[in-house]
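Reader: I am new to this structure and should like to understand the terms used to describe it. May I put some questions to you?

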Amino acid sequence: MLLRHTSKEVKEREGLTINPAKTCQPIGAMYAALGIHGCLPHSHGSQGCCSYHRSTLTRHYKEPVMAATSSFTEGASVFGGQANLLAAIDTIFSVYEPDIIAVHSTCLSETIGDDLQQITRKANDDGKIPEGKRVIFASTPSFIGSHVTGYANMVTGIAQQFAVSTGAKKNQINIVAGWMEPSDMREIKRLAKELGVKIVLFPDTSDVLDAPQTGKHEFYPKGGTTIPELESIGDSLHSIALGSISAEPAAIALEKKCKVPFETLEVPIGLTATDRFIMSLSEIGGVTVPDEITADRGRLVDVIADMEQYLYGKRVALFGDPDQLVPLTEFLLDLNMKPVQIVSGTPGQRFEKTMREILDARSPETKFKNGIGADMFLLHQWMKNEPVDLLIGNTYGKYMARDEDVPFIRFGFPILDRIGHSYFPNVGYSGGLRLVEKILTALLDRQDRDALEEKFELVM
Ligand code: SF4
């Protein structure tokens with residue numbers, strides 16, 4: 001038992017986190033920056049931070065993740081990193097030739113008080129940013145928030161620093177992508193195309209972190225939202241933010257800067273959240289829902305109804321990120337399963353309120369905690385006290401699943417020991433179908449494993 005020291009007795013903890021259910025802000029900022037075409041993320045801090053951010057993303061996506069660093073040493077740590085960043089901007093544009101450098105801060109540069117807005121302005125004033133190139137920035141202090149906060153901060157920076165309002169409206173709708181996989185972003189674009197609605201999706205990591213093997217290394221793959229697209233979001237008719245934590249701040253910033261009205265929806269995971277997304281996009285876009293999408297929905301409903309006997313009443317523990325957990329919890333309730341224990345290391349009153357509203361209405365006995373003290377250790381303690389039939393979460397959950405002998409589904413970020421997440425979507429009706437398939441496979445595999453010989457069924 002690898003986690004044999006996890007005790008059953010739950011004690012109140014304030015100053016100690018054990019096995020956090022979150023990771024570091026700049027990882028989210030780096031991921032968001034990769035969703036801009038021709039962009040090189042830049043970590044303003046030490047080399048070690050940048051290596052950690054890159055390696056986590058590389059391990060999750062199984063793709064080489066390029067990023068630069070200000071390479072702080074003792075001097076920069078004491079006197080500030082302005083000289084390092086100015087030198088880096090010079091070197092990056094002359095050696096790596098990106099269209100954009102997206103700078104995020106780190107714990108160290110935030111602690112010493114480096115002002116990224118001032119430094120990037122100085123870079124511009126000193127003529128270090130070539131004509132037509134851009135340097136954008138986001139503040140991502142990792143001693144607060146989580147990777148989701150860092151993602152939100154960079155997406156907000158993208159909206160603030162690219163959007164232009166020309167006064168001439170464009171017949172297009174912005175979709176601000178909350179934290180989701182490249183496969184999910186591809187599916188969002190497919191659904192919008194099938195609906196016949198022109199969208200600008202940002203950021204967009206499809207064709208960047210799921211790029212095909214062509215035999216040729218592309219330092220900047222063909223995917224990502226382009227600069228002209230990003231400039232045009234200020235003239236869009238409307239924005240839809242997918243996720244109140246990871247996407248809504250960007251939509252708010254865009255409304256403030258360019259008066260683009262917005263609404264916030266959940267990431268369309270599962271039946272109900274996808275219904276809301278499809279209806280909203282069709283209403284704002286003034287289109288009717290095509291038969292193909294209705295048929296996709298019907299297939300998902302059919303599978304749910306057919307498999308009800310295996311799903312009903314199954315107790316689930318889950319951990320992960322807010323904008324995934326809310327719709328996933330709703331989906332599990334739609335499947336008549338019981339999400340009984342939920343943990344997220346990402347703080348946020350809005351997240352807490354939304355989750356509590358869902359649970360109060362449909363599952364008041366569920367244990368839920370987010371922010372300080374909401375870690376995997378606590379979830380494991382809950383599981384020990386009230387055993388579950390299924391655990392859903394990122395790769396780090398495999399230790400708890402093994403110790404408690406519980407079927408485990410990998411879902412969320414990071415997934416370091418399996419593939420599929422970047423290629424097969426979790427969003428939309430087809431994503432819902434995939435999730436149901438994964439849940440059923442995990443539960444039925446366990447039923448097969450534990451069945452007595454006389455109860456070992458060929459047809460289930
Ligand atoms: S020091 Fe801060 S920014 Fe750097 S890896 Fe650690 S948590 Fe992330």
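Reader: Which residues surround the ligand, and what makes them its shell?

Author: In this predicted model, the ligand is surrounded by Cys24, Pro26, Gly45, Cys49, Tyr52, Thr106, Cys107 and Ser142. A residue counts as near a molecule if its C-beta atom, placed from the backbone, lies within 6 Å of it. Local features need pLDDT of at least 70 and side-chain atom pairs pLDDT 80 or more, whereas totals for chains, interfaces and linings use all residues. Residues are numbered from 1 along each chain as its sequence is written.

Reader: How do the residues of this shell divide into nonpolar, polar and charged?

Author: The shell holds 5 nonpolar, 3 polar and no charged residues. Ala, Val, Leu, Ile, Met, Phe, Trp, Tyr, Cys and Pro count as nonpolar, Asp, Glu, Lys and Arg as charged, and the others, Gly among them, as polar.

Reader: Which residues of helix H6 are called buried?

Author: In H6 (residues 116-125), they are Leu116, Ile119, Thr120 and Ala123. Each therefore has 20 or more other C-beta atoms within 10 Å of its own C-beta atom, placed from the backbone; a residue with 12 or fewer is exposed, and one in between is partly exposed.

Reader: Why are these buried residues said to lie on the same side of H6?

Author: They cover an arc of only 95° around the axis, which puts them on the same side of H6; the arc is that of the directions from the helix axis to the C-beta atoms. On the other side of H6, Gln117, Gln118 and Asp125 are exposed.

Notes:
Helices (H or I, at least four residues) and strands (E, at least two) are DSSP runs, numbered from the N terminus.
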